[in-house]
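Good morning, and thank you for the time. I would like to walk you through one structure, beginning with its aromatic rings and then turning to its strands and its empty spaces.

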Amino acid sequence: MPAPELHRATLPNGLRVLLAPDPATPVVGVAVHVDVGFRSEPEGRTGFAHLFEHLMFQGSESLAKLEHFRQVQGAGGVFNGSTHQDYTDYFEVLPGAALERALFLEADRLRAPKLTEENLRNQVDVVKEEIRLNVLNRPYGGFPWILLPPVLYDTFPNAHNGYGDFTELEQATLDDAASFFDTYYAPGNAQVTVHGDFAAAGGVDEVLALVEKHFGDIPARPTPARPSFGEPVPGSERRGTVADAHAPMPALAVGYRVPDPSTELDAYLGHALLASVLGDGEAARLQRRLVHADGLVTDVGASNGLMGGPLDARDPDTFTITAVHPGAVDPERVLGAIDEELDKLAAEGPSAEELARQSARWAASLHHEDDRVMYRMLGLGARELLYGRAEIAQELPARIAAVTPEQVRAAAESLRSAGRAVLLVEPTAGAAPGSEDPAELANPEEAGA
């Protein structure tokens, strides 16, 4: 499938616009990416970015509560939202003839969401229930997405719980919500992406005119300065232990820092393929060694990115290796085997055949994902917002295929030569497991409201 041609514009109020027409797609998608994620939420208000995402579904200036849902579903469309480390997105996919309806709906809540005490209290309760259902009563809740960062990182933005503490969620006020909206939901801090069939609207110029019609009168406000969340890489190993009342077996997670994709994309992709060589599929090295050969673990995986997906955050981000093992197995044996496999890769790199197999798995996964307009649109919008180049999403299969064994070898060597975090999860009856997995925040299949 040929990549859609990209068109960019910036409205007078600062709103950035990315248009990606695709006449082969029989539907159209609209996404609004806002440059605020859980790393930006204020101290004392953990979980606020995700809570505010919920509030954005509770009605707006011209629409009553639930009317947004009815409008999209009545047109035969789907919709959702999700909160990530560095951004929050809102999106819908509808028949091409309903494009203007989608633009109106998104503009209306970006202009003025319905922030009321009733909506706030209701959504605090909804988020708390999510935490209870998805984490507090689930084995390995928050593992490793919430539990590992406090070991690897020192600063509040990188180390805190993005799903939030119950007490802090309950203390959230309407003034907090209004301040958050005024600061981070300014037009200059947001981006609209439109992707799909533009024929019903008349073409690129006509779609841009519709975007200007609906979003152009949103008053401009000061755009917040984007802070750097950078902090030094640990110089040595750090350790942490948590108790989990529901876990049937112990688990461990190892965390490392990864290169900044905005300045070291090739090195970053070397780490992405390293994660695949280590943990993707039954032929992956950690699967063969720890599960099949040594029988040390029941499950093992590796990921280049805290939230599990590639190129989903700015610097810093996290390379993780996770394993669940029987209680009779010393976690030091598991760590030792992981280190041995990394040392082998750091010395010799993967074979050309091994790397080709994992690159093919990546390519198949990326093309499968791109079959869905929603994921294609969200990939373009997120990479444009995070790195200023939506084209990265289009180039990714070819760039993955071009990663060399030497790049993967260098990635393994960098992990072995830097500090890391080790988190041990110990099954303990009666202990509190922690907090919710932010991967659930970023799941486009999960209702944002």
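**Aromatic pairs, strands and spaces**

A search of the whole structure, which is a predicted model, finds 14 aromatic pairs. Let me begin with one of them. F52 and F180 form a tilted pair, with 5.3 Å from centre to centre and 45° between the planes. F52 belongs to helix 1, residues 48–55, and F180 to helix 8, residues 174–184, so this pair ties together parts that are 128 residues apart in sequence.

Are these two rings buried or exposed? F52 is buried, with a relative accessible area of 0%. F180 is buried as well, its relative accessible area being 5%.

F52 also pairs with F181. In this case the ring centres lie 6.3 Å apart and the planes meet at 25°, so the pair is stacked; the cut-off for stacking is an angle under 30 degrees. Here, too, a residue of helix 1 meets a residue of helix 8, so the contact ties together parts that are 129 residues apart in sequence. F181 is buried, at a relative accessible area of 7%.

Please now widen the view around F52. Which residues form one aromatic cluster with F52? The members are F48, F52, F57, F69, F79, Y90, F180, F181, Y184 and Y185. Both partners of F52 that I have described, F180 and F181, are therefore part of this cluster.

One member of the cluster, F57, also has a charged group over its ring. The charged end of R109 sits there, 4.5 Å from the ring centre. A further arrangement of this kind involves K128, whose charged end sits over the ring of F166 at 5.4 Å from its centre.

I turn next to the strands, and to strand 2 in particular. Strand 2 covers residues 16–21 and is mostly covered, with 5 of its 6 residues buried. On one side of the account is strand 1, residues 7–10, which is joined to strand 2 by 4 bridges, the two running antiparallel. Within this pairing, A9 has V17 of strand 2 as its bridge partner. Strands 1 and 2 form a hairpin with 5 residues between them, and G14 in the turn has a positive phi of about 100°.

Strand 2 is also joined to strand 6, residues 190–196, by 6 bridges, and these two strands run parallel. As an example, P21 stands opposite G196 in strand 6.

Finally, I come to the spaces in the model. How many cavities of 30 Å³ or more does the search of the whole structure find? The search finds 3. The largest cavity has a volume of about 100 Å³. It is lined by 15 residues, and those closest to its centre are F38, Q85, P149, N158 and L306. Sorted by class, this lining has 8 nonpolar, 5 polar and 2 charged residues.

Among the pockets, I have chosen the second largest, which has a volume of about 220 Å³. Its lining comprises 18 residues, of which D86, R226, P227, F229 and R314 are the closest to the centre. What is the make-up of this lining by class? The second largest pocket is lined by 5 nonpolar, 6 polar and 7 charged residues.

To close, I would ask you to return to F52: this residue is buried and belongs to the aromatic cluster that also holds F180 and F181. Thank you for your attention.

Key:
Residues are numbered from 1 along each chain as its sequence is written. This is a predicted model: local features need pLDDT of at least 70, side-chain atom pairs count only at pLDDT 80 or more; totals for chains, interfaces and linings use all residues. Side-chain values use heavy atoms; hydrogens and water are left out. On a 1 Å grid over the protein atoms alone, a cavity is a set of points where a 1.4 Å probe fits but cannot get out, and a pocket is an open set with protein on both sides within 12 Å along at least five of seven lines; lining residues have an atom within 4 Å of a point. Grid points are joined across faces, edges and corners, and a volume is the space filled by probe spheres set on the points. Ala, Val, Leu, Ile, Met, Phe, Trp, Tyr, Cys and Pro count as nonpolar, Asp, Glu, Lys and Arg as charged, and the others, Gly among them, as polar. Rings of Phe, Tyr and Trp (its six-membered ring) pair if their centres lie within 6.5 Å; planes under 30 degrees apart count as stacked, over 60 as edge-to-face and the rest as tilted. Buried means under 20% relative accessible area, exposed over 50%, partly exposed in between (1.4 Å probe, protein chains only). A charge sits over a ring if NZ of Lys or CZ of Arg is within 6 Å of the ring centre and within 35 degrees of the ring normal. Two strands pair if DSSP finds at least two bridges between them.
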